[in-house]
Structure formats: structure tokens, C-alpha cells
Amino acid sequence: MLEINFHPFKNLESKRLLLRRVIETDVDEIFELRSNPETMKFIPRPLAKTKEDALVHFKTIDENIENNKGINWAITLKGNPKLIGIIGHYRIQPENHRCEIGYMILPQYNGQGIVSEAIKMILEYGFNDLQMHSIEAVIDPENKASERVLQKNGFVKEAHILENELWEGKFWDSVIYSILKRNFNR
């Protein structure tokens, strides 16, 4: 079984992005992300209604890192510390060398390749630092933008599960995409 340890926290960098630790002063941007119906459209979780809701989300992220249960990064543009999105590894299964990634970005940054660039960095981290064998992403089948970004990054469709999650009186389908370490092109 893998030993998961996020300490010390590792920032990740590409040509234009810096993925850094989410900090409490990011609460306004977290609120902007989590309170936006467009951003949350395909995420069956409650909209943040107050800054306190965003602070609770931050605390969950921070506790998961401290307890080695999951890791999230603030997506930022180099030279600007403002959080424009969040990306990370969730539902880590050390016994199976598998985890799930998730991400969200402010709508004004859609279509610029930022999420794809951030995915490449966290895949490298997941396969090399965490020693994962496979990494999955679970999306709503209507989320065509996320589907395209996953396919662009080498993920393949594993399953389409019908009505497996009940949220606000509606059953949602889930589509699982994954990538194996051997198929990851840096």
C-alpha cells in the first residue's frame, strides 16, 4: 500500500501557471467559484451562499492536506497570486494506487488552456510523487468542456453510470474517465 504524505507542500509550476497552496485569504475567490451557478452547474454540491460557506470549504481543503487525505492547489497565473481556480487529488485509494482529480475555474478563464495545463502538472505529481497507477475523473455527461479537456490529456472513458447520485430531487449520471501511468505523456 502507498504511503501518502503531502508534507512539505509542493508548489507546481509551468510556463504560465503556478499551482500553490490554497490559503485563507483566497476565501473571496473561493466564494466566487462556489457561489456561481455556471461554475457549479455540473457539480452536485450546494452553492456557497455566504463567505462563511467558502471559509468552511477552505478549511476542508486545508484539513485534508494536513491529514494526507487529499490535496488541492490554487490555480494562479505566474506573477499574480489571485486564485482563478482549484485543482486537486481526491478520493485517494492508497491500496489500489488510484485517485480522482477534480478542478474548477472561474468562467472568465475558460477556453484558454489553463485547466489542461494544470491537469498535466497534477498528473505528473500524481504519477511521480504519489506513485499512482491510475487517475480518474468523474464528470457529468453533459459537461462537454470537461470531457474535451480530459480526452486532450489522454484520459479514456471507462464507464457511464446511470442515475447513481441523487441531488436535489434529481438522479444524476456519472461518467468516469481515467488514465494509466504508462499512458501519461509528459
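Helices (H or I, at least four residues) and strands (E, at least two) are DSSP runs, numbered from the N terminus. The structure is a predicted model, in which local features need pLDDT of at least 70, side-chain atom pairs count only at pLDDT 80 or more, and totals for chains, interfaces and linings use all residues. Residues are numbered from 1 along each chain as its sequence is written, and side-chain values use heavy atoms, with hydrogens and water left out.

**Figure 1. The end of helix H4.** Gly-154 takes a positive phi of about 90° just after H4. The helix itself spans residues 144-152, and its buried residues are Ser-146, Glu-147, Val-149 and Leu-150; buried means under 20% relative accessible area, exposed over 50%, and partly exposed in between (1.4 Å probe, protein chains only). Around the axis these buried residues cover an arc of only 165°, which puts them on the same side of H4; the arc is that of the directions from the helix axis to the C-beta atoms. An α-helix has 3.6 residues a turn, so residues three or four places apart point the same way. Arg-148 and Lys-152 are exposed on the other side of H4. The cover over the buried residues of H4 includes E5, H3, E6 and strand E8 (170-180), where contact means heavy atoms within 4.5 Å.

**Figure 2. The buried face of helix H1.** Helix H1 comprises residues 27-34, and Val-27, Glu-29, Ile-30, Leu-33 and Arg-34 are its buried residues. Viewed down the axis of H1, they fall within an arc of 160°, so they line one face of the helix. Among the elements that cover them are helix H2 (51-66), strand E4 (85-93) and strand E5 (98-105).

**Figure 3. The salt bridge between Glu-117 and Arg-16.** A salt bridge is a side-chain nitrogen of Lys or Arg within 4 Å of a carboxyl oxygen of Asp or Glu, and the structure holds twelve of them. In the bridge between Glu-117 and Arg-16, the closest N and O atoms are 2.6 Å apart. Glu-117 belongs to helix H3 (residues 114-129) and Arg-16 to the loop between strand E1 (12-13) and strand E2 (17-21), so the pair ties together parts that are 101 residues apart in sequence. Glu-117 is buried, at a relative accessible area of 18%, whereas Arg-16 is partly exposed, at 31%.

**Figure 4. Arg-98 and its two carboxylate partners.** The side chain of Arg-98 meets that of Glu-136 in a salt bridge of 2.6 Å, N to O. Arg-98 lies in strand E5 and Glu-136 in strand E6 (residues 134-139), so this pair ties together parts that are 38 residues apart in sequence. Both of these residues, Arg-98 and Glu-136, are buried. A salt bridge also joins the side chains of Arg-98 and Glu-158, at 3.0 Å from N to O. Glu-158 lies in strand E7 (residues 156-167) and Arg-98 in strand E5, so the pair ties together parts that are 60 residues apart in sequence. The relative accessible area of Arg-98 is 15%, while Glu-158 is partly exposed, with 45%. Elsewhere, salt bridges that share partners join Arg-21, Asp-62 and Glu-66 into one network.

**Figure 5. Strand E8 and its pairing with E6 and E7.** Two strands pair if DSSP finds at least two bridges between them. E6 and E8 pair in the antiparallel sense over six bridges, and E7 and E8 do so over eight bridges. Tyr-177 in E8 is the bridge partner of Ala-137 and also that of Lys-157. The hairpin of E7 and E8 has two residues between the strands, and there Glu-168 takes a positive phi near 50°.

**Figure 6. The chain as the setting for the close-ups.** The secondary structure comes to four helices and eight strands, which follow the pattern β-β-α-α-β-β-β-α-β-α-β-β along the sequence. For 186 residues, a compact globule would have a radius of gyration near 16 Å, and the 16 Å of the chain agrees; the radius is taken over C-alpha atoms, and the globule rule is 2.2 Å times the number of residues to the power 0.38. Taken along the principal axes, the C-alpha atoms fill a box of roughly 40 × 40 × 30 Å. Of the 186 residues, 47% count as buried. Among contacts between residues at least 6 apart in sequence, 63% join residues at least 24 apart.
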